[in-house]
Amino acid sequence: MKQQFLVLGSLFFVLGLCVISAAAADEPFRPEAGKFPPLEKAHAYRGELVFVDHANRRGSVRVASAGTYFRNAPQPFALLPYGIVRYHGAPADLRDIPLGTVMHVRAYLPPDPELSAVPVLPVNNKEKTAGYSGLGVAPAENHVLLLEDEPSHCQREGLVWKLKELELSKNNEGLIVAIREPKAGGDGKTGEEKLTFDAATRIWRGRESLTPADLVAEGIWPVSGKKSLDGQAVLLGITWKPTPDGVFTRFHISDIWLDEPATQRAAQVQTEVHKAFIRSRWMPAWVDDVEYGKFGRATVTATLFGGMDPSLYADFQKDSQVLMNGAENTLKHAGGAYGPAHMASKGPVRDVTRSSGEVPLGSSGIQIKFETDLIIEGIRPARIVRVRPASWPHVQVPREEYLGDGSFTHEDRFPTPSMFPKY
């Protein structure tokens with residue numbers, strides 16, 4: 001009997017440790033300046049992207065919960081300066097993501113609440129229930145390290161959607177029963193989901209762009225009624241649309257990728273979009289160290305931010321010429337009225353080093369040492385900068401993507417109607 005109590009006592013102790021460990025993993029975490037925060041400390045949630053302010057790298061997500069989804073008020077978020085966006089399994093900017101896309105979020109408390117570009121909430125807000133909306137629909141963790149759509153999330157986690165059954169009704173719309181599980185096979189712990197689709201759902205096969213009507217014409221899908229899909233492994237793009245019949249949290253399929261060539265094609269296209277964007281806006285980084293010399297000379301060490309295509313990093317070569325300009329936490333260029341190159345510090349790259357250890361998300365693991373004969377005020381340790389190899393195009397950035405003449409204040413971060421021109 002005594003031995004049984006010892007065994008039970010040990011079991012409760014282990015279970016207690018597991019509960020404490022799980023709770024610790026989801027404790028509110030606030031990133032520190034100059035340090036990339038660990039992904040495991042981030043609070044995870046997902047929801048529909050309903051608003052984007054791309055120039056200020058912020059937006060709003062309707063957070064999914066067990067409640068009545070349509071009642072959930074959109075919750076603002078801001079991307080951290082080193083925050084990464086992924087779309088179709090490739091690097092992206094907020095402007096690339098269609099509204100309505102369901103996104104997976106990994107986020108923290110604001111690093112500095114006084115400078116937050118979105119509302120600051122009580123640190124325990126994710127533990128609160130909001131009426132019919134349910135628990136955790138307004139997390140205080142609204143500063144995002146990783147924002148990714150469904151196919152990007154599945155590829156990073158090694159998951160696929162396995163299609164179980166199809167039910168097609170009129171107008172080429174209907175329901176698909178599916179389960180998301182590891183590629184190697186499920187553990188039986190994940191429940192099936194019913195997802196809607198309609199005539200506008202895009203179906204990708206190799207280089208073909210198809211619709212449900214095309215699959216019906218080929219005899220792959222029935223004209224109407226149910227059909228077993230035998231666990232066909234695919235990737236899904238997921239959105240949300242209002243649903244009938246009192247179903248409040250049923251998601252919608254925007255895209256189906258049927259095979260690997262189709263998946264790779266989508267990623268390739270999005271990668272090229274993002275590469276062109278970064279070459280025109282410059283690579284973001286933060287300053288690790290500045291060694292000051294005489295008469296304005298300085299040697300700057302900076303870490304390039306992560307999440308970009310490798311070909312962009314390859315352009316940072318030893319002895320190549322680069323330009324470095326100060327930037328704000330939203331990555332807006334400083335003093336860009338005459339173009340970001342006008343006030344930028346210029347000079348050669350003296351060294352490029354790559355981390356040999358594990359690189360945290362948000363960092364590229366690549367550090368450059370850059371020498372200039374005219375250091376500008378915005379280039380200081382822990383400050384955000386943008387860097388351009390001289391081989392990248394010299395272009396101007398639009399007015400909303402650079403700071404003004406010094407009259408800008410952080411109180412301008414929530415624009416009022418006065419932001420619009422007077423006619």
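Me: How do the residues lining the second largest cavity divide into nonpolar, polar and charged?

Reply: In this predicted model, that lining has nine nonpolar residues, one polar and no charged. Its members are Tyr 45, Val 61, Val 63, Gln 75, Pro 76, Phe 77, Val 105, Pro 139, Val 144 and Leu 147. Gln is not on the list of nonpolar or charged types, so Gln 75 counts as polar.

Me: What makes Tyr 45 a lining residue of the second largest cavity?

Reply: A lining residue has an atom within 4 Å of a cavity point. Tyr 45 is listed in this lining, so an atom of Tyr 45 meets that cut-off.

Me: Which elements give two or more residues to the lining of the second largest cavity?

Reply: They are β2 (58-63), β3 and β8 (143-149). The largest share, three residues, comes from β3. The volume of this cavity is about 50 Å³.

Me: Why is the largest cavity called a cavity and not a pocket?

Reply: In a cavity a 1.4 Å probe fits but cannot get out, whereas a pocket is open. The space of about 300 Å³ is classed as a cavity, so the probe cannot leave it. The count is three cavities of 30 Å³ or more.

Me: What lines the largest cavity?

Reply: There are 27 lining residues, and Arg 57, Asp 93, Phe 277, Leu 331 and Arg 386 lie nearest its centre. Two or more residues come from each of β3 (75-87), β4 (90-92) and α4 (260-281), with β3 giving the most, five. The lining divides into 13 nonpolar, seven polar and seven charged. Domain 1 (39-154) and domain 3 (283-413) each supply at least three residues.

Notes:
Residues numbered from 1 in each chain as written. Predicted model: local features only at pLDDT ≥ 70, side-chain atom pairs only at ≥ 80, totals over all residues. Heavy atoms only, no water. 1 Å grid on protein atoms, 1.4 Å probe; cavity = no way out; pocket = protein on both sides within 12 Å on 5 of 7 lines; lining within 4 Å. Points joined across faces, edges and corners; volume = space filled by probe spheres on them. Helix = DSSP H or I, 4+ residues; strand = E, 2+ residues; numbered from the N terminus. Domains from an automatic or database assignment.
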